Amino acid sequence: DLGRRQAEKTGDRLAELLKPALTTPGREADVRIHVSTLKRARETADIIATRLPDHVTRVEPSSLLVEGDPPAHIIPYEARGGEAALLKRARDVHIEGARMEAGFRSLFYRDLP
C-alpha cells in the first residue's frame with residue numbers, strides 16, 4: 001500500500017514537472033515511459049502512467065534496465081561468501097556493469113568531461 005501511494009505521488013509530481021511538454025501541441029511524443037522487464041517495475045510504471053495523460057507513450061520494457069549486481073564494495077565480503085566468492089563473481093559484475101551502462105546510454109546522452 002505504501003509503495004502504491006509513493007508511485008501515485010511520483011506520477012503526480014512527474015505530471016506537474018512535465019506539464020509544458022504534456023500540454024504543448026506537437027510535444028506529446030517527447031514524454032515516454034521506459035521500464036525494465038521486472039514485474040514490480042512494470043507494476044510501478046502502470047501506477048505512474050495512471051497519473052499521466054493517455055497520450056503518453058509506453059515504450060516496450062527493456063532488459064537493459066533490469067537492476068544489476070550491486071558493487072562488491074558495498075556488501076561485506078562474508079555476506080557474499082568471502083573473497084573467493086567475490087573473485088568468482090567478478091566476471092558477472094563486469095558483464096552486469098556493461099549491460100547497465102548500455103541501458104543508461106540508451107536513454108541519456110553523456111557528454112565528454
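Here is a chat between a student and the author about a predicted model.

Reader: Let's start with the big picture. What elements make up the chain?
Author: The chain has 4 helices and 2 strands. Going from the N terminus, the order is α-α-β-α-β-α.

Reader: Why is Arg99 called buried?
Author: Buried means under 20% relative accessible area. Arg99 comes out at 17%, so Arg99 counts as buried.

Reader: And where does Arg99 lie?
Author: Arg99 lies in helix α4, which covers residues 82-107. If you skip the neighbours within four places in sequence, Arg99 is in contact with Ser63, Leu64, Leu65, Val66, Glu67 and Gly68.

Reader: What makes the pair Glu96 and Arg99 a salt bridge?
Author: The rule asks for a side-chain nitrogen of Lys or Arg within 4 Å of a carboxyl oxygen of Asp or Glu. For Glu96 and Arg99 the closest N and O atoms are 2.7 Å apart, so the pair fits that rule. Both residues sit in helix α4, 3 residues apart, which is about one turn of the helix.

Reader: Why does that pair also go down as a polar contact?
Author: A polar contact needs N or O atoms within 3.5 Å, one able to donate a hydrogen and the other to accept it. The side chains of Arg99 and Glu96 are joined at 2.7 Å, so they make a polar contact.

Reader: Is Glu96 buried or partly exposed, and how do you know?
Author: Partly exposed runs between the 20% and 50% cut-offs. Glu96 has 22% relative accessibility, so Glu96 counts as partly exposed.

Reader: How many salt bridges does the count come to?
Author: The count comes to 9 salt bridges. One of them joins Asp12 and Arg51, with the closest N and O atoms 2.7 Å apart.

Reader: Why do you say that Asp12 and Arg51 tie parts of the chain together?
Author: Look at where they sit. Asp12 is in helix α1 (residues 2-17) and Arg51 is in the loop between α3 and β2 (57-58), so the pair ties together parts that are 39 residues apart in sequence. Asp12 is partly exposed at 36% relative accessible area, and Arg51 is partly exposed at 34%.

Reader: What makes Arg58 and Asp46 another salt bridge?
Author: Their side chains meet at 2.7 Å, N to O, and the cut-off is 4 Å, so the pair qualifies. Arg58 is in strand β2 and Asp46 in helix α3, 12 residues apart, so this pair links distant parts of the chain. Arg58 counts as partly exposed at 39% relative accessibility, and Asp46 does too at 38%.

Reader: Now the largest pocket. What is its volume, and which residues line it?
Author: The volume is about 170 Å³. Among the lining residues are Leu14, Leu18, Val31, Arg32, His34, Thr44 and Leu52. Helix α3 gives the largest share of the lining, 4 residues.

Reader: How do the lining residues divide into nonpolar, polar and charged?
Author: They divide into 9 nonpolar, 2 polar and 1 charged. Leu and Val count as nonpolar and Arg as charged; Leu14, Val31 and Arg32 are among the residues of this lining.

Reader: One last thing: what share of the chain is buried?
Author: Buried residues make up 19% of the 113 residues. As for contacts with a separation of 6 or more, 66% of them are between residues 24 or more positions apart.

Terms used. Residues are numbered from 1 along each chain as its sequence is written. This is a predicted model: local features need pLDDT of at least 70, side-chain atom pairs count only at pLDDT 80 or more; totals for chains, interfaces and linings use all residues. Side-chain values use heavy atoms; hydrogens and water are left out. On a 1 Å grid over the protein atoms alone, a cavity is a set of points where a 1.4 Å probe fits but cannot get out, and a pocket is an open set with protein on both sides within 12 Å along at least five of seven lines; lining residues have an atom within 4 Å of a point. Grid points are joined across faces, edges and corners, and a volume is the space filled by probe spheres set on the points. Buried means under 20% relative accessible area, exposed over 50%, partly exposed in between (1.4 Å probe, protein chains only). Contact means heavy atoms within 4.5 Å.
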